[in-house]
Amino acid sequence: MEKTGCQWRILSAQYGLVHPEEEIQPYEKTLNTMRVKERRASAPVFMADHLADMLRFYDLLERLEGRIGGKRVLADYIGGMHWPNRGVYFFCEAGESRSRSGEGLRVVRVGTHGLKAGSRSTLWKRLAQQQGIDLPPSWGVGGDPGAAARRLRLDRSGVKLAEAELEARVSHHIRAMPFLWLNVGDEPGPRSERETIERNAIALLSGYREPALDPPSPGWLGHSSDRWRVRRSGLWNNNHVDEDYDPSFLDTMEKRIGLIGMA
């Protein structure tokens, strides 16, 4: 592994998957004497394949970053910047670091667009619509702040102020999040490669059903989300976080990354 430069981990009965340079305390536990229930309870021990796929996923993102000239932040968007018409995006977040899968920022949101046949949605339009985090109770209630205030028995000016402040915070937060995008220019539809990459990448990264390989930091804003799937998965995603992933999507990603820059 060291000769090839690939990242690798040590399988420990006590600590699960550990970095080769990570210091651990001595222990007596061994896999040979563990019962099946005990092994299942020690889920990280049996994440070798999952970890290998995570490592490959981030290796592919590093390759993608080199191909497109680095990550971007929405705050730096320039109207004349060229964007592919369709694609998949991967957002990272300051303060959210990878742990067992290597170094650098972890991906906290994966998304795409135009999954309905005939959709005219573009990558940039989808990125420009990115919002979310902790919505106030008035959002989505009524057709305007006045209607929301009446239904919630709140003061209209208070509703407007709360929404304006939150919109500003959400906008500032998301506009500062570095992201990568992968050009996937297939036709809109629920079976597109964009859908395959999005769905499986989310399932791969999610910590919903087992201890997360790259858990969110204690201060991650998502812990305060009103969506329990966000809190549990460690991702700003609500769909696909509780699903299994098909590792063949990594082959699809690799193929698409290899096409970047080719005529």
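**Exercises on a sheet and its covering helix**

In this predicted model, three strands form an open sheet in the order β4-β3-β5, and their pairing is antiparallel.

**Exercise 1.** Determine which strands stand at the edges of the sheet and what this leaves without a neighbour.

*Solution.* Begin with the strand order, β4-β3-β5. β4 (105–111) and β5 (179–183) each have a single partner strand, so both are edge strands and one side of each has no neighbour in the sheet. From one strand to the next, the twist averages 25 degrees.

**Exercise 2.** Describe how β3 is joined to β5, and identify the bridge partner of Tyr89.

*Solution.* Strands of a sheet pair through backbone hydrogen bonds, in either a parallel or an antiparallel manner. Here β3 (residues 87–97) and β5 run antiparallel and are joined by five bridges. Tyr89 has Trp181, in β5, as its bridge partner.

**Exercise 3.** Test whether the length of helix α6 agrees with the span expected at 1.5 Å a residue.

*Solution.* First, locate the helix: α6 comprises residues 193–205. Next, take the expected span, which is 1.5 Å times one less than the number of residues; for the 13 residues of α6 this should be 18 Å. Finally, compare: the end C-alpha atoms of α6 are 18 Å apart, so the two values agree.

**Exercise 4.** State where α6 lies, and establish how many of its residues are buried.

*Solution.* α6 lies across β3, β4 and β5, at about 140 degrees to β4. Counting residues under 20% relative accessible area as buried, 10 of the 13 residues of α6 qualify; among them are Ile197, Ala201 and Leu205. The buried residues of α6 pack against β3, β4 and β5, and also against α2 (48–68), α7 (228–233) and α8 (249–259).

How values were computed:
Residues numbered from 1 in each chain as written. Predicted model: local features only at pLDDT ≥ 70, side-chain atom pairs only at ≥ 80, totals over all residues. Heavy atoms only, no water. Pairing = 2+ DSSP bridges. Helix = DSSP H or I, 4+ residues; strand = E, 2+ residues; numbered from the N terminus. Axes fitted to C-alpha atoms, helices over the stretch in contact; angles between N-to-C directions. Contact = heavy atoms within 4.5 Å. Buried < 20%, exposed > 50% of the residue type's maximum accessible area, 1.4 Å probe, protein only.
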